[in-house]
Amino acid sequence: IPQLAFGLYKVRPDDGECERVVLDAIRAGYRHFDTASFYGNEAALGRALKRSGLPREEYFVCTKVWNDAQRAGRGAVRNSFERSLADLDCLYVDLFLVHWPVPDCHVHTYKEMELLQKEGKVKSIGISNYSEEDYNELVASGIETIPAVNQMEVSPVMYRPETIRFFEDRGVRISASKAVHRGESFGREPIPALATKHSATPAQIMLRWGLQKGLILVTKTSSLERMQENRNVLGISLGCADIAILDGMTTEKEVKDRKDLEAKRKTQL
């Protein structure tokens, strides 16, 4: 799985905006694209990939099944996937995720995804926004395939090492959504100081932190210049002291607030 992914959340599917952004991302070097049926831009992504002229094996597509299909049952999950595949204009998807662990539904959703993988329509399957309890419920149901990834919010300002360790110890890689916290923490120390120290941008510091932790990083920007900056992180190396400082940014209150928010969302799924 390419470690640097370009996310398409809230990228407009109409007026050519999504196609322009994806083509710019390809020019910047991105080959991993993260979308979802809920985002409404799978068809625009598919058109842009066709326009790029890239052979299918050179790009990596991740999409997700939304909650309404999960609630409607396994047939609806399959139908949702088939629509995604048709919109993307692909013969297969590289990675297919359960978008949210909908109570009483996510297990049968995952088991239908296992069948899609066996049929060769999906290369890998995984999960998103799962807690340790959600994962344990899934495994206890008797699944055959361990999820390839769990996509969850991770950045220096939302770092939950015990949760990350839980999944990685079980062979599940972490895909970090909001890897640069939508730019909302660029002015929060020590990020600016480390950016100055390493002659880098705040985004580059946050992304380099994630790379050195072995995370898959999902970021989004509409600016070609920032796309290029976000990929130009290989020449930066954070020392152990730098990493430790960034590790300590997340407060207990922030972790608790995020956990409470996720619990509230799951009651509304």
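Strand E3, spanning residues 60-65 of this predicted model, is mostly covered, for six of its six residues are buried. Its side chains are divided between two directions, with Phe-60, Cys-62 and Lys-64 pointing one way and Val-61, Thr-63 and Val-65 pointing the other way, and all of these residues are buried. Lys-64, with its charged side chain, is thus listed among the buried residues of E3.

The neighbours of E3 can be taken in turn. Strand E2, residues 32-34, is joined to E3 by three bridges, and the two strands run parallel; within this pairing, Phe-33 has Val-61 of E3 as its bridge partner. Between the two strands the chain passes from E2 through helix H2, residues 42-52, and on to E3, in a β-α-β crossover that is right-handed. Strand E4, residues 93-98, also pairs with E3 in the parallel sense, here over four bridges, and Thr-63 stands opposite Phe-96 in E4. Phe-33, already met as the bridge partner of Val-61, also belongs to a cluster in which ring pairs link it with Phe-6 and Tyr-30.

That cluster leads to the aromatic contacts, of which a search of the whole structure finds nine pairs. In one of them, the rings of Tyr-135 and Phe-167 have their centres 5.5 Å apart and their planes at 80°, and the pair is therefore edge-to-face. Because Tyr-135 lies in helix H6 and Phe-167 in helix H7, this pair ties together parts that are 32 residues apart in sequence. Tyr-135 counts as buried because its relative accessibility is 3%, and Phe-167 counts as buried because its value is 0%. A further edge-to-face pair is formed by Tyr-159 and Trp-209, with 5.1 Å centre to centre and 85° between the planes. Since Tyr-159 lies in the loop between E6 and H7 while Trp-209 lies in helix H9, the pair ties together parts that are 50 residues apart in sequence. Tyr-159 is buried, with a relative accessible area of 14%, and Trp-209 counts as buried at 1% relative accessibility.

Helix H9 returns in the description of the pockets. The largest pocket holds about 820 Å³ of space and is lined by 34 residues, of which Tyr-9, Tyr-39, Ser-177, Lys-178 and Arg-182 lie nearest its centre. At least two lining residues are supplied by each of strand E6 (149-153), helix H9 (202-212), strand E8 (216-219), helix H10 (224-231) and helix H12 (252-267), and the largest share, three residues, comes from H10. The classes represented in this lining are twelve nonpolar, eleven polar and eleven charged residues.

The second largest pocket contains about 340 Å³ of space, and its lining consists of 15 residues, of which Ser-131, Glu-132, Arg-160, Lys-259 and Glu-262 lie nearest its centre. Helix H6 (132-140), helix H7 (161-169) and H12 each supply at least two residues of this lining, so that H6 and H7, the helices that hold Tyr-135 and Phe-167, both take part in it. The most is given by H12, with five residues, and H12 also supplies at least two residues of the lining of the largest pocket. By class, the lining of the second largest pocket has four nonpolar, three polar and eight charged residues.

How values were computed: Residues are numbered from 1 along each chain as its sequence is written. This is a predicted model: local features need pLDDT of at least 70, side-chain atom pairs count only at pLDDT 80 or more; totals for chains, interfaces and linings use all residues. Side-chain values use heavy atoms; hydrogens and water are left out. On a 1 Å grid over the protein atoms alone, a cavity is a set of points where a 1.4 Å probe fits but cannot get out, and a pocket is an open set with protein on both sides within 12 Å along at least five of seven lines; lining residues have an atom within 4 Å of a point. Grid points are joined across faces, edges and corners, and a volume is the space filled by probe spheres set on the points. Buried means under 20% relative accessible area, exposed over 50%, partly exposed in between (1.4 Å probe, protein chains only). Two strands pair if DSSP finds at least two bridges between them. A crossover is right-handed if, with the strands pointing away from the viewer, the path from the first strand over the helix to the second runs clockwise. Rings of Phe, Tyr and Trp (its six-membered ring) pair if their centres lie within 6.5 Å; planes under 30 degrees apart count as stacked, over 60 as edge-to-face and the rest as tilted.
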